[in-house]
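Please open the model in a viewer and keep the selection panel at hand. The tour below proceeds stop by stop, stating what to select and what is found there.

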2 protein chains.
Amino acid sequence: MIDEGKFHTQEMTNRLEQDIREKFRRSGYTLTSQRRAVLEALRDTRGHPSAEDIYLLVKKKNPRVALGTVYQALSVLEEIGVIGSKHWAESPTRYDLNTEPHLDIRCRRCGEVAEIPGVELGNLEAQIQENTPYSVSSTTLVVEGLCPTCQKE
Amino acid sequence: MIDEGKFHTQEMTNRLEQDIREKFRRSGYTLTSQRRAVLEALRDTRGHPSAEDIYLLVKKKNPRVALGTVYQALSVLEEIGVIGSKHWAESPTRYDLNTEPHLDIRCRRCGEVAEIPGVELGNLEAQIQENTPYSVSSTTLVVEGLCPTCQKE
DNA sequence: TCTGAATCAGGAACTGTTATTGATTGACGA
DNA sequence: TCGTCAATCAATAACAGTTCCTGATTCAGA
């Protein structure tokens, strides 16, 4: 079971809570305890957990939840715009409460993901659109490197 | 069996052939008929075939070749720098004889991949490096959209 | 409270890829 | 030319991540 009291007062600001409720209302999906648990897990985690990470966190509070349910919840949450996801080759998709366009880098040694602030992409997307007959729908910058810890080894 | 005569005279320029031979020589790997067949398949294909696509082409000439062999060949060819690969989420890795850094776009409807010429990334990588404590090792722009054909439908 | 639709847990199935196996090949020296 | 030994091979099993399917459960609205 989810400790809803704690969730409301400590974990989620009112604005976010309102925003989430609103997005569920508009979409027609229901904000079930499982979907709430997935959101809480994302909130409790620094960084960008994988579905498996989230599953393990959710299971601590509700051991009956299945991995498939977590995937379903993640897909609904992403569809209604409450969470975002990012994919690096050769590693599971990572999820994120930050739905704004932003840059993330993944350590190719330990897998840790961190945000990169302050990078300006400028007119890159427009430039791409000018040079292809395709209609461009998404351009994602996939960045990899070594985190400070792994650099030392 | 590979028609090596045709391969040499029609499919491969002397320069590329030389380059490939040289890369094999330096690496210590041998240029076997299977690896040659994979290269030929890449050369015969417009666009950016997947391992499966290449496997089907190779099988036309040598039905005994297994998919695993194609993967092995691709991994050797990529390791020695004869081919390049690119990965989009939710679709198999695509391979390419163009090993220079360049932009590709994938149609999210039919999966077709095409090159995008003339886009200037400028100092993007330097800008990223300035804004993260990670040491950046690769930045890949993953572009998706709709190809001209799929736009009409 | 009842009813139908949405959602669930559990597990099977699927896709793309890698690892393992013993058999085959092919480059090189005698 | 032949033998030797490492490299490579085909075939298949295994694997990770994810999706799909099923019947059971829950929940919102009448």
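At what angle do the axes of helix 3 and helix 5 of chain B cross, and within what distance do they come? Select residues 33-44 and 67-79 of chain B: the two axes come within 9 Å and cross at roughly 80°. Helix 3 of chain B is therefore roughly perpendicular to helix 5 of chain B, a term that covers angles of 65 to 115 degrees. Axes here are lines fitted to C-alpha atoms, for helices over the stretch in contact, with angles running from 0 to 180 degrees between N-to-C directions. Helices (H or I, at least four residues) and strands (E, at least two) are DSSP runs numbered from the N terminus.

Two conventions apply throughout. Residues are numbered from 1 along each chain as its sequence is written, while chains are lettered from A and ligands numbered from 1 in the order in which they are written. The model is predicted: local features need pLDDT of at least 70, side-chain atom pairs count only at pLDDT 80 or more, and totals for chains, interfaces and linings use all residues.

**Stop 1: the helix pair in each chain**

Show side chains for B:Gln34, B:Arg35, B:Val38 and B:Leu39 in helix 3 of chain B; they meet B:Thr69, B:Val70, B:Ala73, B:Leu74, B:Val76 and B:Leu77 in helix 5 of chain B. Contact requires that C-beta atoms, placed from the backbone, lie within 7 Å. Seven of the residues in this contact are nonpolar, two are polar and one is charged. The classes are nonpolar (Ala, Val, Leu, Ile, Met, Phe, Trp, Tyr, Cys and Pro), charged (Asp, Glu, Lys and Arg) and polar (the others, Gly among them).

Now move to chain A, where the axes of helix 3 and helix 5 come within 9 Å and cross at roughly 80°. These two helices of chain A are therefore roughly perpendicular to each other. In helix 3 of chain A, A:Gln34, A:Arg35, A:Val38 and A:Leu39 meet residues of helix 5 of chain A, including A:Val70 and A:Leu74.

**Stop 2: DNA strand C**

Select DNA strand C, which 21 residues surround; the closest are A:Thr32, A:Gly68, A:Thr69, B:Gly68 and B:Thr93. A residue is near a strand if its C-beta atom, placed from the backbone, lies within 6 Å of it. Helix 3 and helix 5 of chain A, together with helix 5 of chain B, each supply at least two residues of this surface. By class, the surface has eight nonpolar, eleven polar and two charged residues.

**Stop 3: DNA strand D**

Select DNA strand D next. Among the 23 residues around it, A:Gly68, A:Thr93, B:Thr32, B:Gly68 and B:Thr69 come nearest. Helix 4 (51-61) and helix 5 of chain A, with helix 3 and helix 5 of chain B, give two or more residues each. Helix 5 of chain B gives the most, with five residues. The surface near DNA strand D divides into nine nonpolar, eleven polar and three charged residues.

**Stop 4: the side of chain A that touches chain B**

Select both protein chains: 32 residues of chain A are in contact with 32 residues of chain B. Strand 5 (135-146) of chain A gives the most to the side of chain A that touches chain B, with twelve residues. That side has 18 nonpolar, twelve polar and two charged residues.

Strand 5 of chain A and strand 5 of chain B pair in the antiparallel sense over eleven bridges, pairing being defined as at least two DSSP bridges between two strands. Label A:Leu146 to find its bridge partner, B:Ser135.

**Stop 5: the sheet and its edge**

Colour the strands of both chains. They include an open sheet of six strands in the order 4(A)-3(A)-5(A)-5(B)-3(B)-4(B), with mixed pairing. Strand 4 of chain A and strand 4 of chain B stand at the edges, each with a single partner strand, so one side of each is left without a neighbour in the sheet. The twist averages 30° from one strand to the next.

Zoom in on strand 3 and strand 4 of chain A, which run antiparallel and are joined by four bridges. A:Leu103 stands opposite A:Ile116. Five residues lie between the strands of this hairpin, in which A:Gly111 takes a positive phi near 85°.

Which residues of strand 4 of chain A are buried? A:Ala114 and A:Ile116 point to one face and are buried, whereas A:Val113 and A:Glu115 point to the other and are not. Buried denotes 20 or more other C-beta atoms within 10 Å of the residue's own, with C-beta atoms placed from the backbone.

Definitions and conventions: Angles under 35 degrees count as roughly parallel, over 145 as roughly antiparallel, 65 to 115 as roughly perpendicular and the rest as oblique. Two residues are in contact if their C-beta atoms, placed from the backbone, lie within 7 Å. A residue is buried if 20 or more other C-beta atoms lie within 10 Å of its own, exposed if 12 or fewer, and partly exposed in between; C-beta atoms are placed from the backbone.
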